Amino acid sequence: MISPARVAALKILTSISAGSADLPTAIAQARTRLADDRDRAMAADIATGVQRWRAALDHLIVAVSNRPLDRLDREVIEILRLSIYQLLHHTRVPASAVVDDAVDLTRKAGKRSATGFVNAVLRGISRTRAALPLPPRPADTQSPTNRAAVLDYLSITLSHPRWLASRWLDRVGFLAAEAWLTFNNTPAPLTLRVNHLRTSREDLLRRFAAEEIVVAPGAFGPDALLVEGGHPLAGPGLGAGWFVPQDEASQLIPLLAGPDPGARVLDTCAAPGGKTTALAAAMQNTGLLVACDVRPRRMALLRQTVAATGATNVALVQADLLQPLPFRSGFDCVVLDAPCSGLGTIRRDPDIRWRRNEADLAPLAAAARRMLAHAADAVAPGGRLVYATCSSEPEENEAVVDAFLAADARFTPRDAREVLPAALGVVVDARGHLRTEPHLHGLEAFFGAVFERQP
């Protein structure tokens, strides 16, 4: 009998390759068809691991089979990918079980003629696991004549798009790029933010101790907790609003609004609600916090988060920031966490690296400039504007900031050190922008800029 987890993993991967779902959506759909929590976890791990190491897996398929991928059926490719991933990363699983399931999966997929091919490829890789035919780390990483070998190593062995590896190599150098890519290939911890609207940090830690949940403090986020053991999402805490699952770098963005964001605050692209509820807590549930998003499904998610966390000063407004906002009076602070490429979150969303192309950056940046102009119109004189992304790329970050300042004389830049807690100065760059970098800070690559409207 084929492992249910492998059957589910194949469905996840074929949905992704067909373009019908991204990784989180495909995993969520597959979970409903699995009754056992262990199978759910295994299917998610296999699918995520395949997306993380896809370039290396594909290189091995071609090297061992001596066939280009475009000559193979999509289902056969995905069966080989998930099976090779297990052979290399689930070493406690017997290789024979992986190979036998792969052959059965191939037959079940209606590709009976490919069963011998799948069997031969997997047995060949199993025999050579100690010396895989992957590009080695070059001894000389500095010589321009060695650039192709360096990029082979970064893009194939460390499994990132070549265009992105090339960008990072040019920007930060080999050692930092290697560390960045290695970070992206490391599973991310579950990170929580204490919700001070419902509990205190001390009370939450006591509750976790009683539930045998082990957490460690984040390195930068004052309310960040990294889960090291236990299952907090399965307990009562999430529904009770004691905490919000939120990446630590993302938790730093609301801090750019300052310790006192003001009496009237606008969060323009607010779903799923982590930053909105952090702002509500900073406002001590007083004043007016307007939270917007454009799609009904995103608004439903935002409404659910706000309700669970007990934020009662929040008004929800469905609005498209690509159009002028429907507000007549100004806000003390406006936050725009702009839709972007998401290339700063590859560790948490490994399939993003394959869904994005370099050509995506220009239109995304153009949309961000338009959104920022509309957000700026909602800021009251003397008020603050925060622009943020979860992108690592300058087109979506500094270039948008520079274009905005050149086009709108009402605003001046403000150094993020002036509004962040003193301990966070280490994540502010020379231009005064918040910038978390994987190879320096061990966080996802987020960006944040602060502007002030002249009185």
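**A tour by residue selection**

Start by selecting Pro272, which sits in the loop between strand 5 (264-267) and helix 14. Helices here are DSSP runs of H or I of at least four residues, strands are runs of E of at least two, and both are numbered from the N terminus. The model is predicted, so local features need pLDDT of at least 70 and side-chain atom pairs count only at pLDDT 80 or more, while totals for chains, interfaces and linings use all residues. Residues are numbered from 1 along each chain as its sequence is written, and side-chain values use heavy atoms, with hydrogens and water left out.

Now add Ala271 to the selection: the peptide bond from Ala271 to Pro272 is cis, with omega near 10°. Most peptide bonds are trans, and most residues other than glycine have a negative phi.

Go next to Gln284, in the loop between helix 14 and strand 6 (288-293). Gln284 is not a glycine, yet its phi is positive, near 55°. Gln284 has a relative accessible area of 63% and is therefore exposed (exposed is over 50%, buried is under 20%, and partly exposed is in between, with a 1.4 Å probe and protein chains only). Asn66, in the loop between helix 4 (54-65) and helix 5, also has a positive phi, of about 60°, without being a glycine. Its relative accessibility is 69%, so Asn66 counts as exposed.

From Asn66, move to helix 5 (residues 74-89) and show helix 6 (residues 95-108) with it: the two pack at about 170°, their axes 10 Å apart. This angle makes helix 5 roughly antiparallel to helix 6. Axes are lines fitted to C-alpha atoms, for helices over the stretch in contact, and angles run from 0 to 180 degrees between N-to-C directions; under 35 degrees is roughly parallel, over 145 roughly antiparallel, 65 to 115 roughly perpendicular and the rest oblique. To see the contact (heavy atoms within 4.5 Å), select Ile79, Leu82, Ser83, Gln86 and Leu87 on helix 5 and Ala95, Val98, Ala102, Leu105 and Thr106 on helix 6. These residues divide into seven nonpolar, three polar and no charged. Nonpolar covers Ala, Val, Leu, Ile, Met, Phe, Trp, Tyr, Cys and Pro; charged covers Asp, Glu, Lys and Arg; the others, Gly among them, are polar.

Three buried residues come next. Ala8 lies in helix 1 (residues 4-17) and is buried, at 6% relative accessible area. Apart from neighbours within four places in sequence, Ala8 is in contact with Ala30, Leu34 and Ala43. Thr199, in the loop between strand 1 and helix 11 (201-210), is buried at 8%. With the neighbours within four places in sequence left aside, its contacts are Val194, Leu204, Arg207 and Trp242. Glu393 is in the loop between strand 9 (379-389) and helix 18 (398-407); its relative accessible area is 0%, so Glu393 is buried. Not counting residues up to four places away in sequence, Glu393 touches Leu164, Arg167, Trp168, Arg171, Leu343 and Leu361.

Finish at the second largest pocket by selecting Pro222, Asp223, Leu255, Ala278 and Ala282, which lie nearest its centre among the 18 lining residues. Strand 1 (191-194) and helix 14 (274-282) are the elements giving two or more residues to this lining, with the largest share, four residues, from helix 14. The lining has 13 nonpolar, three polar and two charged residues.

Definitions and conventions. 1 Å grid on protein atoms, 1.4 Å probe; cavity = no way out; pocket = protein on both sides within 12 Å on 5 of 7 lines; lining within 4 Å.
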